[in-house]
Amino acid sequence: MPTRRISGCADDKGRWTGGDTVVVQMGDFLDRGSDESRSIEMLRDLRVQAKEAGGDVITLLGNHEIMNADLDFSYAPDIYSFDSWHDKFNMAEKIQTVLKGKRAQLMQRGKGKLAMLMSTMPIVVQIGENVFVHGGLTPETISHGIDELNQDVAKWLRKDTDVKPWLLDPVPKGGRTVSPLWERVYGMPIVPETALSNLDGMLDKLDAKRMVVGHTPQKYGISGVETDKEKEVWRIDTSEFAPYPSCSFSSSPADLNDKIMGRVECLEILTDLDSPEAASTVRVLSEDGRIIDAQKRKNMFEELLRSQSKTETAVPAPLRS
């Protein structure tokens, strides 16, 4: 997880160095290669260390975590990638696990080790004026209530109820989805005005300034879009985790000169939580050591499209700064 080093929040040995920093991992830590269990244990261990230092590591649920909880392993690179977790189980549990499938056992709601861990993870979290969600806020999410949704999902994963929260599924509605896990409209190069207008209203209700989303890979790096009311949405999925098998991203230096996909970046928001009226400073941190002011990444697709071509088929050139 190179972002831990880029942000200065952990060293190469996985020891927390971030003090009172709050790190938010945006979900989809599953279905990203054979090192899933190691990544999860690292996030869990870092959270313990961070809390001791006055900080935190918050891991959100993404659509791939919910797919796994539904025992849908369509994108799982290796259904046996959690073997090491079962080395700690007693022999009777190991026998049952071998018979029924190790991944399925870990994902079993109400008793599976990973399902129970996931029940402690939120769908949406708000920290000061910043809202973090895997796919994007939807009016239905706001109407349902963020705290209520997080609680409903936790109950479902703990099997306190068999009723799956309907907002977890990609229910379509008017060219978008109602689910905060599956929404992609805010990850589009050009976000429709109607979506930005909806975002203004949703963030107003939450007394928030910006939304941060993952879910949709950003080929040209982390980017932001500003609304007419000077609200913001930041799209930060630069595919740090290994992609699922249907994707192929080269990470050779030559290719990285031509596209950013594969180069790790993270979004840094510097906020004084004791003085909420103070403006936050937003920056993009890159694995090549650059610190990029947020203004250079705001509305960059509109500017690139204007500078290249006015045709609808214009493709923005890769960002180099």
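Helices here are DSSP runs of H or I with at least four residues, numbered from the N terminus. Keep in mind that this is a predicted model.

**Exercise 1. Follow helix α10 from its span to the residue after it.**

Task: Work out how the span of α10 compares with the expected one, which of its residues are buried, what they pack against, and what the phi of D207 is.

Solution:
- Step 1: Start with the length. α10 covers residues 193-205, which makes 13 residues.
- Step 2: Now the span. The expected value is 1.5 Å times one less than the number of residues, and for α10 that comes to 18 Å. The model gives 19 Å from the first C-alpha to the last, close to that value.
- Step 3: Pick out the buried positions, using under 20% relative accessible area as the cut-off. In α10 they are A195, L196, L199, D200, M202 and L203.
- Step 4: See what those residues meet. They pack against two strands and a helix given with their ranges, β4 (130-133), β8 and α8 (139-144), and also against β7 and β9.
- Step 5: Step past the end of the helix. D207 follows α10, and its phi is positive, near 55°.

**Exercise 2. Lay out the open sheet.**

Task: Give the strand order of the open sheet of 5 strands, and explain why β3 and β8 each have one side without a neighbour.

Solution:
- Step 1: Read across the sheet. The order is β3-β4-β7-β9-β8, and the pairing is mixed.
- Step 2: Look at the edges. β3 (124-127) and β8 (223-226) each have a single partner strand, so one side of each is left without a neighbour in the sheet.
- Step 3: Add the twist, which averages 20° from one strand to the next.
- Step 4: Zoom in on one pair. β7 (residues 210-213) runs parallel to β9 (residues 232-235), and 4 bridges join them. V213, for instance, has R235 in β9 as its bridge partner.

**Exercise 3. Place Q151.**

Task: Is Q151 buried, partly exposed or exposed, and how far is its C-alpha from that of P122?

Solution:
- Step 1: Find the element. Q151 sits in helix α9, residues 146-157.
- Step 2: Check the accessibility. Partly exposed lies between the 20% and 50% cut-offs, and Q151 has 46%, so it counts as partly exposed.
- Step 3: Compare sequence with space. Q151 and P122 are 29 residues apart along the chain, with 8.2 Å between their C-alpha atoms.

**Exercise 4. Zoom out.**

Task: How many helices and strands does the protein have, and what share of its residues is buried?

Solution:
- Step 1: Count the elements: 12 helices and 12 strands.
- Step 2: Take the buried share, 49% of the 321 residues.
- Step 3: Turn to the surface. About 15,500 Å² is exposed, with 50% of it supplied by carbon and sulfur atoms.

Conventions:
Residues are numbered from 1 along each chain as its sequence is written. This is a predicted model: local features need pLDDT of at least 70, side-chain atom pairs count only at pLDDT 80 or more; totals for chains, interfaces and linings use all residues. Side-chain values use heavy atoms; hydrogens and water are left out. Buried means under 20% relative accessible area, exposed over 50%, partly exposed in between (1.4 Å probe, protein chains only). Two strands pair if DSSP finds at least two bridges between them. Axes are lines fitted to C-alpha atoms, for helices over the stretch in contact, and angles run from 0 to 180 degrees between N-to-C directions. Accessible areas come from the Shrake-Rupley method with a 1.4 Å probe; for residues, only the protein chains shown count as cover. Contact means heavy atoms within 4.5 Å.
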